[in-house]
Amino acid sequence: YARGLLLPQVAVENAFTKEDFLKFRPDEKNKPMHILYLGASDNFYPVKDKKIIQPVKEKYKITAPKYFLAVSEITARKNFVHLLKSFVRFLEETKAEDIQLVLVGPKRKGYDAVSAQIEGFEKYKDKIIQTGFVDNEDLAPLYSGSTAFIYPSRYEGFGLPVLEGMQCGAPVITADNTSLPEVGGDAVMYITGIDEKETADALEKLYKDKELKSLLSQKGIERAKKFNWKSAAKVVED
C-alpha cells in the first residue's frame, strides 16, 4: 500500500510497485487498483543564485568548485560502496582536481562498509564529503549547485530523491532497476549500478559536457511537473 495509505481499493505508488505487491498478495489481483504517484515538496526548486548556493557549500565544508551529490540514508541497498569505487575510478581516469563527492544522509545499517571503503581511499579522502543530516532549506541549493545528482540504488519503491533532483534542475544519473525508470523517464542518464567503469563514464560525461548537463537539467524540470500531490489527492478522491 502507498506509504501506509489504506483505501477500499488498493493504491500503489507506481506500476512497478503494483507488480511487486501482487507477487506477495495475488489475492488482491482482481480488486480495483490505482496508481498513486508521489510528489516532491515545493521546497525543492531550481536555485540559480550562486550567492545562495555558496554559503550552503561552506556550511557543509564543500571546498571544491564542483561536486557530485548523493542524497539518501546510507544503507547497503543504496549502493554507496559502488558509487565510491566509481567516483575514485573517475578521478583516476580524468585526473580531475576541482570536484568532490558529497554524501548527504544519516548513517544506517550498512554504513560500516561505506566507512571502510572511504578509509581505504587514503589518497582521495579529501574528495569525499559526508554531511550527515542537512537542514531542509539547504537541500534545494545543494541539488541545484551540483554537477550531477547520482542515485545508484539497487531497489526502490519509488525513488523520491530522483524526483527532488529533477525538480531542482540537477542533471540526474540513476540506476535502471525497479521503479526508477518510471520516475526518471527520458529525463535522466541510466546506469546498471553494477559496472564501475560504466558509472565512472557517466560521471565523466556530465563533468565534461555542458550541453548534456543543460539538456538533462531542462528535461528533468519538465519531467518533475508530472508528479505532484494534487494529482495524488485526486486519485484518492476518485
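The paragraphs below lead from the overall make-up of this predicted model to a few of its local features.

Residues are numbered from 1 along each chain as its sequence is written, and side-chain values use heavy atoms, with hydrogens and water left out. Because the model is predicted, local features need pLDDT of at least 70 and side-chain atom pairs count only at pLDDT 80 or more, while totals for chains, interfaces and linings use all residues.

The protein has 10 helices and 8 strands, where helices (H or I, at least four residues) and strands (E, at least two) are DSSP runs numbered from the N terminus. Of its 238 residues, 51% are buried; buried means under 20% relative accessible area, exposed means over 50%, and partly exposed lies in between, with a 1.4 Å probe and protein chains only. The protein exposes about 12100 Å², of which carbon and sulfur atoms supply 52%, the accessible areas coming from the Shrake-Rupley method with a 1.4 Å probe, and for residues only the protein chains shown count as cover. When contacts (heavy atoms within 4.5 Å) are taken between residues at least 6 apart in sequence, 70% of them join residues at least 24 apart.

Helix α5, residues 136–145, is largely enclosed by the rest of the structure, because 7 of its 10 residues are buried. Those buried residues are Asp138, Leu139, Ala140, Pro141, Leu142, Tyr143 and Ser144, and what covers them includes the helices α2 and α6 (160–167) as well as the strands β3, β4 and β6 (148–151).

Two of the elements that cover α5, namely α2 and β3, also bound the loop that holds Lys61, since this residue is found between α2 (50–59) and β3 (66–71). Lys61 has a phi near 60°, a positive value in a residue other than glycine, and at 63% relative accessibility Lys61 counts as exposed. A positive phi near 60° is found again at Lys95, likewise a residue other than glycine, whose place is in the loop between α3 (80–94) and β4 (99–104). Lys95 is exposed, with a relative accessible area of 62%.

Helix α8 (residues 196–208) offers a buried position in Glu204, whose relative accessible area is 19%. Leaving aside its neighbours within four places in sequence, Glu204 is in contact with Phe90, Glu93 and Thr94, and the numbering places these three partners within α3 (80–94).
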